[in-house]
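Colleague: I am new to this one and would like to know how the labels are decided. Could we go through them together?

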Amino acid sequence: MSGTPGLAEQTTELLQQLIRNAAVNDGTPDSGQEWRQVRTLQEFFAGSGVEGVVVEPHPGRESLIVRIEGTDRSAPSLALVGHTDVVPVEPAGWERDPFGAEIVDDVLWGRGAIDMLNLTAAYAVVTRAIATSGFRPRGDLVFAAVADEESGSRFGVGWLTEHRLDLIDADYVLTESGGAHAGSTPALGVMIGEKGGAGRLLRVRGVPGHGSAPWGTRNAGVIAAEAMTRLARFRGPTVITPQWRAYAEALELEPDVSAAVTDPARFFEGVDALGDLNGFAHASTHTTISPNVVRAGEKANVIPGEATVQLDIRILPGVTRDDVHGYLREALGDLLEHIEIEGDWFGESTISPTDTPLFAALGSAVRRAYPGAELLPMLGIGGTDGRFYRRRGIPAYGFGVLSERWDYGTFRRLFHGHNERIDLASLDLTVHALDHVVRTFHDQENT
């Protein structure tokens, strides 16, 4: 690989340390304990001339922010925003220790290997290289290693945006994810936006009674189960976004499949022909409602009189609060006689423009890795910290450069799944691409 020697090796070693720190965020305030990640990063930056600022909104939930000042205060700034927490694992489903960070056949295994400790490590390596190389960026360069992204960012970028925006503010942002291949050109995905969210809680009312005589009773757990089944089967309107149409075209599908999955009236005729991409295709074209947490009953011989179902709802661009409640009413139908819908949180979908100097630098980096390659703008179906910037009008992109072994279906399946891993070639490609992007974007002649 071309580029500064040692970047890939540093990224690999730092990623292993971050995985082994096991900063598992289960959604409770005292989980995560990202202070371990901050100590590792502080040790990594030791001797580089930059120290950074540590914030701790809740005990143990630390974030580290490093800022390298540019030579021109009027030049645009760039932030590299990576989270340091990871989601829990089910160890029985893993082939290797999820926190062992083993390297086997040039593949590094562990929770966070692709979500997104790989990028956080690469951001740190590039930032340190800039600080120690003598290169002075024209605008400020910010590296933010933030807590709590996996549980809504209330102790991370959300808190920083509200209380210490001065630390993380920038004119442009890079965050997760991107870099998987589509088609033979190739085209590499870059996340230019993401769906919004509108989580809701269903509170189900039944009538308690003795479990020995269930016939004719109104079991709240049974009603909740039927509600979950109806929601899981609900399709809602199919919307072919510009990003999905472009992505489907890049896949070079069979003509009949391509025609089906880009036609709202025929989408479900072709979606299952996409294999591992079928879930992404569906989520890219639909507001999704996923009933993920159900609670009912306290004792085996008591019919539950109340149950709750927690819904993960991800909305497409243009969908409103009223639309969300309309979908729920349509899906649940007559069950609403026994159900109350609680919650009114609503976060709109976000999109960044692509006619920016940073997007141009990303394209240059991709073509450097793969001559003739193009960027493929995508709408992320999950949530990232990029939304906090986009909602303030700041372009934010999810970017990486992966090896040819990674199509998006394979890549996406490992997010929050068993056996998360990344090959060393992808770490090499990504860190050198990021180094090129930062230097190109901040070069006085090219910005």
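Modeller: Gladly! Let's begin with burial: a residue is buried under 20% relative accessible area, exposed over 50%, and partly exposed in between (1.4 Å probe, protein chains only).

Colleague: Why is His416 called partly exposed?

Modeller: Its relative accessibility is 47%, between the two limits, so His416 counts as partly exposed. Before we go on, this is a predicted model, in which local features need pLDDT of at least 70 and side-chain atom pairs count only at pLDDT 80 or more, while totals for chains, interfaces and linings use all residues. Residues are numbered from 1 along each chain as its sequence is written, and side-chain values use heavy atoms, leaving out hydrogens and water.

Colleague: What makes the backbone of His416 worth a mention?

Modeller: Phi of His416 is near 65°, a positive value in a residue other than glycine. His416 lies in the loop between helix H14 (408-413) and strand E20 (421-423); helices (H or I, at least four residues) and strands (E, at least two) are DSSP runs, numbered from the N terminus. Asn419 also has a positive phi, near 60°, and lies in the loop between H14 and E20.

Colleague: Is Asn419 buried or exposed, and how do you know?

Modeller: Its relative accessible area is 11%, which is under 20%, so Asn419 is buried.

Colleague: How many helices and strands does the protein have?

Modeller: There are 15 helices and 20 strands.

Colleague: How do you know what radius of gyration a compact globule would have, and what does the protein have?

Modeller: The rule is 2.2 Å times the number of residues to the power 0.38, with the radius taken over C-alpha atoms. For 447 residues that gives a value near 22 Å, and the protein has 23 Å, so the two agree. Its C-alpha atoms fill a box of roughly 80 × 55 × 45 Å along the principal axes, and 55% of the 447 residues are buried.

Colleague: What is the share of contacts between residues 24 or more positions apart?

Modeller: They account for 79% of the contacts with a separation of 6 or more, where contact means heavy atoms within 4.5 Å.

Colleague: Why is Ile114 called buried?

Modeller: Its relative accessibility is 2%, under the 20% limit, so Ile114 counts as buried. Ile114 sits in the loop between E5 and H3. Leaving out residues up to four places away in sequence, Ile114 touches Phe411, Leu414, Phe415, Glu420, Arg421 and Ile422.

Colleague: What makes Phe411 and Phe415 an edge-to-face pair?

Modeller: Rings of Phe, Tyr and Trp (its six-membered ring) pair if their centres lie within 6.5 Å; planes under 30 degrees apart count as stacked, over 60 as edge-to-face and the rest as tilted. The structure holds ten aromatic pairs. Phe411 and Phe415 are 5.1 Å centre to centre with 80° between the planes, so they are edge-to-face. Both are buried. Phe44 and Phe45 pass as well, at 5.5 Å and 75°, so that pair is also edge-to-face. Ring pairs link Phe44, Phe45 and Phe143 into a cluster.

Colleague: How do you know that the charged end of Arg235 sits over the ring of Phe268?

Modeller: The test is that NZ of Lys or CZ of Arg is within 6 Å of the ring centre and within 35 degrees of the ring normal. The charged end of Arg235 sits over the Phe268 ring, 3.9 Å from its centre. The charged end of Arg96 sits over the ring of Trp109, 5.3 Å from its centre.

Colleague: Which residues touch the most other members of the largest nonpolar core?

Modeller: They are Leu174, Trp244, Tyr247, Leu362 and Phe399, in a core of 89 residues. A nonpolar core is a set of buried Ala, Val, Leu, Ile, Met, Phe, Trp, Tyr and Cys residues joined through side-chain atoms within 4.5 Å. Helix H3 (residues 117-133) gives the largest share, ten residues. A second, separate core has 26 residues, including Ile223, Ala227, Ile315 and Leu335. Back in the largest core, Leu362 has contacts beyond its neighbours within four places in sequence, among them Leu174, Val190 and Phe399.

Colleague: Where are the cis peptide bonds that involve Met116 and Ser177?

Modeller: One runs from Asp115 to Met116, with omega near -25°, and Met116 is in the loop between strand E5 (107-109) and H3. Another joins Glu176 and Ser177, with omega about -15°; Ser177 is in the loop between strand E7 (172-175) and strand E8 (178-182).
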